[in-house]
Amino acid sequence: VFRIYNWVRIILLVLLLTFIFVKLVKAQMTNDFGVWVSAGSEKSVRDSWIFGISTELRTKDYSKSVDRWRLGVNATYKVCKSLKLGGGYEFLLKSCMTGDWKEKVPRHRFMFDITSGTKGFNWLKLSLQERYQYTYTMQKGNVYAIHEHHLRSRFKTEMSNSKMKCWSPFASVEMFNYMAKQFQVDEMRVALGTTYNINTRHAINFGYLLDLKRSADGMNKGLHVLTSGYVYKI
């Protein structure tokens, strides 16, 4: 039964990725390019808690301008081998038009999530994460205060075994459901990449991410992103 369950999840992921690929080929998208660079540190406490802090910088307009900067803290509690609970806070400076020029507008974001996972074939990790996200955009210039509530659903696969040594390739699909509009999907992310564990304390990751956002004509605003990150484990 366990193996059948794993195979069903893999088949569903393949079908979902195929569906997304077909839609992207047919869609008339406006394309952009950016780079997302992050760095952070995390500390494990009694094998159940993980506390972390991180920062990130994102660019857009073909990487000619800074889109946003983020500083966040988070905590994760391991309920059991296959279930984790998490929460966090982020302070963001988002580039927005405030009149005739762009300014960095402050945002406050709170997140709560639950992640379930399993492992199959001794090399494949599967996880499903449901995250509630609340974002408050502060008023500045002609940018009004905004309250946004999203439910983010992410399915992720990761390969890891002794033969691959320090490498852990991954793929994920994430949907942003806007709760104020009957859970309309207003953003979707498809990511491919890998993590490289330098040693027990240092790890880096890099990959490619396609960020799709909704406009008046549908889900046709595409941002192609090169991602990289560094994590130091205390």
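A salt bridge here is a Lys or Arg side-chain nitrogen within 4 Å of a carboxyl oxygen of Asp or Glu. With that in hand, here are five close-ups of this predicted model.

**View 1. R70 and E90 meet in a salt bridge.** The side chains of R70 and E90 come together at 3.8 Å, N to O. This pair links distant parts of the chain, with R70 in strand 3 and E90 in strand 4 (residues 83-97), 20 residues apart. R70 has a relative accessibility of 9%, so this residue counts as buried. E90 is buried too, because its relative accessible area is 11% and the cut-off for buried is under 20%.

**View 2. R70 and E90 belong to a network of salt bridges.** Step back a little and you will find E56, R58, R68, R70 and E90 linked together by salt bridges. One pair to look for is R68 with E56, at 3.4 Å from N to O. R68 sits in strand 3 and E56 in strand 2, twelve residues apart, so to speak a link between distant parts of the chain. Both R68 and E56 are buried. Elsewhere, K60 forms a salt bridge with D67, and their closest N and O atoms are 3.6 Å apart. D67 has a relative accessible area of 10% and is therefore buried. The count of salt bridges comes to twelve.

**View 3. Eleven strands close into a barrel.** The strands follow the order 1-2-3-4-5-6-7-8-9-10-11, and their pairing is mixed. On average, neighbouring strands of this sheet are turned by 20° against each other, direction ignored. For one pairing in detail, take strand 9 (residues 184-197) and strand 10 (residues 202-215), which run antiparallel and are joined by eleven bridges. Y196 stands opposite I204 of strand 10.

**View 4. V35 has contacts from other parts of the chain.** V35 lies in strand 1 (residues 30-45). Leaving aside neighbours within four places in sequence, V35 is in contact with L57, R58, T59, S63, V225 and L226. The C-alpha atoms of V35 and K60 are separated by 7.2 Å, although the two residues are 25 apart along the chain. With a relative accessible area of 24%, V35 is partly exposed.

**View 5. A nonpolar patch lies on the surface.** V45, W49, F51, Y77, V79, L85 and I114 make up this patch, and together they have about 570 Å² of accessible area. Strand 2 (49-60) and strand 3 (65-80) each supply at least two of the patch residues. V79 is found in strand 3, and its relative accessibility of 41% makes V79 partly exposed.

Key:
Residues numbered from 1 in each chain as written. Predicted model: local features only at pLDDT ≥ 70, side-chain atom pairs only at ≥ 80, totals over all residues. Heavy atoms only, no water. Pairing = 2+ DSSP bridges. Helix = DSSP H or I, 4+ residues; strand = E, 2+ residues; numbered from the N terminus. Axes fitted to C-alpha atoms, helices over the stretch in contact; angles between N-to-C directions. Buried < 20%, exposed > 50% of the residue type's maximum accessible area, 1.4 Å probe, protein only. Contact = heavy atoms within 4.5 Å. Patch = residues over 30% accessible without salt bridge, like charges linked within 9 Å, V, L, I, M, F, W, Y side chains within 5 Å. Areas by Shrake-Rupley, 256 points an atom, 1.4 Å probe, with all protein chains shown as cover.
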